[in-house]
Amino acid sequence: MSKILDPKIPGGPIAEKWDRHEMENGLVAPANRRKFKVIVVGTGLAGGGAAAALGELGYNVQNFCINDTPRRAHSVAAQGGINASKNYQNDGDSVERLFYDTVKGGDYRSREANVYRLSQLSMDIIDHCTALGVPFAREYGGGLANRSFGGVQVSRTFYARGQTGQQLLLGVYSALSRQIEAGTVKMFPRHEMLDLVIVDGKARGIICRDLVTGELKRYEADAIVLATGGYSPVYYLSTNAVNCNATAAWRSHRRGALFANPCYTQIHPTAIPQMGDYQSKLTLMSESLRNDGRVWVPMKAGDKRHPSEIPENERDYYLERRYPAFGNLVPRDIAARAAKVESDAGKSAYMSGQSVYLDFGEAIGRLGRDVVADRYGNLFDMYEEIISDNPYETPMMIYPAPHYTMGGLWVDYNLQSTIEGLFVAGEANFSDHGANRLGASALMQGCADGYFIVPRVVGNYLAKGGLGDVSVDNDAFASVENDVRGRYDSLLNVKGSRTVRDFHWELGRVMWDKVGMARNGDGLNEAITTIKRLREEFWQDVIVPGEAGYFNKQLEMAGRLADYLELGELMARDALRREESCGGHFREEHKTEDGEAKRDDENFMDVAAWEFQGDGKDETLHLEDLVYEDIEVKTRSYK
Amino acid sequence: MSDAMTIHLKIWRQDCGQKDGRFVDYTVENVLVEMSFLEMLDLLNEQLARKGERPVEFDSDCREGICGTCGLVIQGIAHGPNSATTTCEVRMRHFSDGEIITVEPFRAKPFPLITDLVVDRESFDRIQRKGGYVSVNVGSAQDSNALPISKYDADKAMDAASCIGCGACVASCPNASASLFVSAKISQLSYLPQGAPERGKRALAMVAQMDAEGFGNCSNHGECEAVCPKEISIENIARMRREFLKGALGGK
């Protein structure tokens, strides 16, 4: 019973779509805006940006986050930079080229019109962030500096040392602080959205748990914006913060929002390798390092000599060899897969069987140690603290790690999900990156969605009218709150023998082995069976100490894991259905002779959007056809 | 993989809503030197959870030193024995087998304790809201390169902007002063032309809010700078005083 989804892309030439759409959009007059309540969940670049921008316009905004303050949203951890087609470097960049690079980088599985709009807005983002006081790196002449990121042949990445995400987020936080002071935004820190309330077919409220008191609370609104990030912690070990979770998105999915392309996950090529089972996370080493670092493995399998003892002619700089046009700066999916190929063949760094070298010897010789320290010093320090090895002297050991999820809730061109009045922004939606995201594009999308797109599309939705008053005393709120209470009571009442971490670790292992960098039909079927069994065991044998009525981190983690145990299965199903390789989704059955991803455009040039059917039932598949009018679809090559 | 250590902990425990707490002794075995300090606490919490006991609550998120969520006083020092690191970056290799480690929350009157090692730092947010921003709306900015900023000023602004808002400066100050935190934001915006129109008002309002929250005055002990995981310099405090004075004298 699948249907074809309508992305509601405006007509006209691609370069004019957004402007035309803005003209067609309805507006809410300034004096009327305060009458509309908008809930924004999340305070990262997308959520915090949206809340601030909506506040500036005069809407009555309520903004929620799970952290103790909005300044800690996970956008803070992005290191390398943010893309914009400013062409400040005079190297041939343009809106068209950023658009082209992004669609190609996503392996022709993103929605053309959305990506074009993103490219157009990229320049306004840099200007706005600069105006907010974000201290971007500058040249001696006073202009902004740029560097290169993977998958492109221009320098369009703006940065603030190795802390670009932090600085952009603090910009958002400052704008948000100003609106909170002005009274347009009311902030709810340490509040976790646990479910969505739908009244008369429209998203009208949320149920939150106050993470300090444990109290369940109801909030109503005229429109709701989810900007709650991705789901990489389904792998247990990832570069994400330990509290990142999919619960708000997944609970909305269960209430009717379709989930698109869950199998599109980004395994980032350069993280510090896993060193033991005790670990709680993996630490990213920024993609910017590949501007100057060279990736290599020993030529001989099983060569465990210290890297300083391996002479130049016994090293294989495999990215430079296989992809001479882009060299070490191939896109993430390609660099990650290549690292796996080498280490699977027994060629790896000396301390860990699953790692390759990222070597700065040549860069230090060419630029001097001071310049390298100025560019990457904080990353080198982080590495040294974790591995206890000096990367100025010995090449870094790196290995791919789950990092970002391109899949997410399905949205149309207006960022509206399949539930009316529920908008989804940033990593939580699916639309802009296709099957692989290029480096420095996540911050760009977060800012574009938050600052620029959400205020327009939500305004248009509110201008259309037809929204009656809704009170939290409505039965719909009581019923959803009861569901949430029942669920958390159940978690506490299992009183089994295995901890939440135990189960999460096991889920992560299955996901990494079977739904990770390489997937195949048998493995995916096996994963589905294993996850089902694990989910049953979880609800029979988990132990969650304490009670619901106060601060209880274990209970929070248990609720989030319960959702990952459902989402993980859907990821495997989606990967099983997609009988092709594209971007980060690599099916071993579908590859070219030289081991590259082999797409099947005839059968899979689509978005797979899944509809929840009830516990224990298979989800229904809906499709959006991807149509490329302004880009010639080609085999992706970086050679 | 190295030999496992045994670590003895004295941890501050305080139930939600209770006024008083106490130190409780725990022993954690099989601690590896590669573990982070928080992973060692995770291990303890796994043991407690299996026994059905309430785990030790502490805040953490990114676990790579950038979000500012974590913050423990370890052996009497905010963020532990190493300089320029957050609690989550501390590794167990800096401790020895059999060592007794005291673990406390960031204590200060404007940081009310929620439970165990978790404190409420919303007072920091309330200070920021008084002026830690440039008043510019989305869509009204000029081209970034139309506003040249010297590399020196941009770098100085960035040094100050590195503050992660963890509160270690407050926890280690004998006066519980928030001067380093507040001065980092005032300083960042004072180096940039974008911040100029509101500089006087900003300094006055943020300092007034800092006082209203109950943070103490700075008396130049320098403990804040010593524990700051991002090495924010106390030069910023001198700069904040200048900004405050200029504002108070009716400058811009």
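Me: What makes something count as a helix or a strand in chain B, and how many of each are there?
Reply: Helices are DSSP runs of H or I with at least four residues, strands are runs of E with at least two, and both are numbered from the N terminus. By that rule chain B has eight helices and seven strands. Bear in mind that this is a predicted model, where local features need pLDDT of at least 70, side-chain atom pairs count only at pLDDT 80 or more, and totals for chains, interfaces and linings use all residues. Residues are numbered from 1 along each chain as its sequence is written, with chains lettered from A and ligands numbered from 1 in the order in which they are written.

Me: What makes residues in chain B buried, and what share of them are?
Reply: A buried residue has 20 or more other C-beta atoms within 10 Å of its own, with C-beta atoms placed from the backbone (exposed is 12 or fewer, partly exposed in between). Of the 252 residues in chain B, 56% pass that test.

Me: What makes a residue part of the contact between chains A and B, and how many does each chain give?
Reply: Two residues are in contact if their C-beta atoms, placed from the backbone, lie within 7 Å. That cut-off picks out 70 residues from chain B and 65 from chain A. On the chain B side, H1(B) gives the most, with seven residues.

Me: What makes the residues on that side of chain B nonpolar, polar or charged?
Reply: Ala, Val, Leu, Ile, Met, Phe, Trp, Tyr, Cys and Pro are nonpolar, Asp, Glu, Lys and Arg are charged, and the others, Gly among them, are polar. Sorted like that, the side of chain B touching chain A has 28 nonpolar, 20 polar and 22 charged residues.

Me: How do you know which strands pair in the sheet of S6, S7 and S8 in chain A?
Reply: Strands pair if DSSP finds at least two bridges between them. S6(A) and S7 (residues 202-210) of chain A have eight bridges and run antiparallel, so they count as a pair. Within that pairing, Met193(A) stands opposite Cys208(A) in S7(A). The sheet is open, in the order S6-S7-S8 (chain A), with antiparallel pairing.

Me: Why are S6 and S8 of chain A edge strands?
Reply: Strand S6 (191-199) and strand S8 (216-220) of chain A each have a single partner strand, so one side of each is left without a neighbour in the sheet.
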